[in-house]
Amino acid sequence: MRFSVGLGKEGAEERLARRGVSRRDFLKFCTAIAVTMGMGPAFAPEVARALTGSRRPSVVYLHNAECTGCSESVLRAFQPYLDELVLDTISLDYHETIMAAAGDAAEAALHQAVANPDGFICIVEGAIPTADNGIYGKVANHTMLSICSDIVPKAKAVIAYGTCATFGGVQAAKPNPTGAKGLNDALKHLGVNAINLAGCPPNPYNLVGTLVYYLKNNAAPEMDEFNRPLMFFGQSVHDNCPRLKHFDAGEFAPSFESEEARKGWCLYELGCKGPSTMNNCPKIKFNQTNWPVEAGHPCIGCSEPDFWDEKSPFYES
């Protein structure tokens, strides 16, 4: 993985081709993003135009209290490798996990990106510890609270990526000794109104779809009461679950080891939270391959506020 700052002279297609992403793969990816956005395959050329504009948008990616699983979900996606595609169609100017710079050089890169005269998009991963003035989470001897308070309000668009950043996640579970909060809750007094892409982790296609929408419309997509884009969180997991026919027929697996479970019977009586969880997991699988319920695991409601407390216990017997 490389770290780049600023705009290259090459076009996006040339950069992608040099890294082994063919035009065919790129257009297939754009089609998948169009479908994810609920626009249909015919919208793919619009996605391509948004991602291959002459000026790559500057992105500052901040990390707070989290496991970095949200970044991993992006970096481990494939066909094409999403890290290559995304990092070559945006200018990812700051990301503590994958950037080559460290120490003073990393700090300089952050402030250079924030000072970009064309503005920047800020993506935030992780909850913000707020107790005792935020001392329970620091980067470069600055609290995560102070960093986000300084950087995030300056962005022209803000995306909270993952349930920790959106609603606090496991860090905010009771008794929450660090006072961890989601981005909008922690910084609402500063006027921050981030687009919330919930999930533990979220599907990276939802991130790209949000970036595409913003680049095309210079505005946030329509959102629900929790600031989640309706194009991704407008239906419940239950509504699109391939096991729904078994739910409707009253066919429930009695245990995970049962023959009924292997046949794909509904997992509701084993603790599945799909009926009360808004997400597009069944429609946009991880790596276009699988998702928890199809793999035999009940939905635990990870894209809902306070799911660690409100959705537990995750299993019933």
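Which residues of strand E3 point one way, and which point the other way? Keep that in mind as you go through these close-ups of a predicted model.

**View 1. Strand E3 has its residues pointing to two sides.**
Here's the reply to the opening puzzle: Ile121, Ile123 and Glu125 point one way from E3, while Cys122 and Val124 point the other way. In a regular strand, side chains alternate between the two faces of the sheet. Whichever way they point, these residues of E3 are all buried. Five of the five residues of E3 (residues 121–125) are buried, so the strand is largely enclosed by the rest of the structure.

**View 2. E3 has a partner strand on each side, E1 and E7.**
Strand E1 (residues 58–63) runs parallel to E3, and five bridges join the two. Look for His63, which stands opposite Glu125 in E3. Four bridges link E3 to strand E7 (residues 157–161), again in parallel. Two pairs to look for here are Ile121 opposite Ala157 in E7, and Val124 opposite Ala160 in E7. As general background, strands of a sheet pair through backbone hydrogen bonds, either parallel or antiparallel.

**View 3. Strand E7 is covered on both faces.**
On one side sit Ala157, Ile159 and Tyr161, on the other Val158 and Ala160, and all of them are buried. With five of its five residues buried, E7 is largely enclosed by the rest of the structure. E7 also runs parallel to strand E9 (residues 195–197), with three bridges joining them. Find Tyr161 and look across to E9: its bridge partner there is Leu197.

**View 4. Five strands make one open sheet.**
Now put the strands together: the order is E2-E1-E3-E7-E9, and the pairing is parallel. Strand E2 (91–95) and E9 are the edge strands, each pairing on one side only. From one strand to the next, the twist averages 20°. Helix H6 (residues 103–114) packs on this sheet and touches E1 and E2, its direction making about 135° with that of E2. Another helix to find is H7 (residues 144–151), which lies across E1 and E3 and runs at about 160° to E1.

**View 5. Nonpolar residues gather in cores.**
In soluble globular proteins, nonpolar side chains tend to be buried together. The largest nonpolar core in this model has 38 residues, and Ile33, Val47, Leu51, Tyr161, Leu197, Leu207 and Val212 touch the most other members. Helix H10 (residues 204–217) gives the most to this core, with six residues. Apart from it lies another core, of 29 residues, and its members include Cys122, Val139, Ala155 and Ala186. You've met Tyr161 and Leu197 already: they are bridge partners in E7 and E9.

**View 6. Ser73 sits beside Tyr161 and several prolines.**
Ser73 lies in helix H4 (residues 69–75). Is this residue buried or exposed? Ser73 has a relative accessibility of 12%, and buried means under 20%, so Ser73 counts as buried. Leaving aside residues up to four places away in sequence, Ser73 touches Tyr161, Pro201, Pro202 and Pro204. Pro201 lies in the loop between E9 and H10, and the peptide bond from Cys200 to Pro201 is cis, with omega near 0°.

**View 7. A few spots have unusual backbone angles.**
Most residues other than glycine have a negative phi, and most peptide bonds are trans. Thr68 isn't a glycine, yet it has a positive phi of about 70°; look for Thr68 in the loop between E1 and H4. Asn133 isn't a glycine either, and its phi is positive too, at about 60°. You'll find Asn133 in the loop between strand E4 (128–129) and strand E5 (138–139). With a relative accessible area of 65%, Asn133 is exposed. Finally, a cis peptide bond joins Ser312 and Pro313, with omega about 5°, and Pro313 is in the segment after helix H14 (307–310).

**View 8. Confidence varies along the chain.**
The mean pLDDT of the chain is 87, and 90% of its residues reach 70 or more. Over residues 1–9, though, pLDDT stays under 50. Where pLDDT is low, the predicted coordinates should not be read in detail.

How values were computed
Residues are numbered from 1 along each chain as its sequence is written. This is a predicted model: local features need pLDDT of at least 70, side-chain atom pairs count only at pLDDT 80 or more; totals for chains, interfaces and linings use all residues. Side-chain values use heavy atoms; hydrogens and water are left out. A nonpolar core is a set of buried Ala, Val, Leu, Ile, Met, Phe, Trp, Tyr and Cys residues joined through side-chain atoms within 4.5 Å. Buried means under 20% relative accessible area, exposed over 50%, partly exposed in between (1.4 Å probe, protein chains only). Two strands pair if DSSP finds at least two bridges between them. Axes are lines fitted to C-alpha atoms, for helices over the stretch in contact, and angles run from 0 to 180 degrees between N-to-C directions. Contact means heavy atoms within 4.5 Å. pLDDT is the predictor's confidence in each residue, from 0 to 100.
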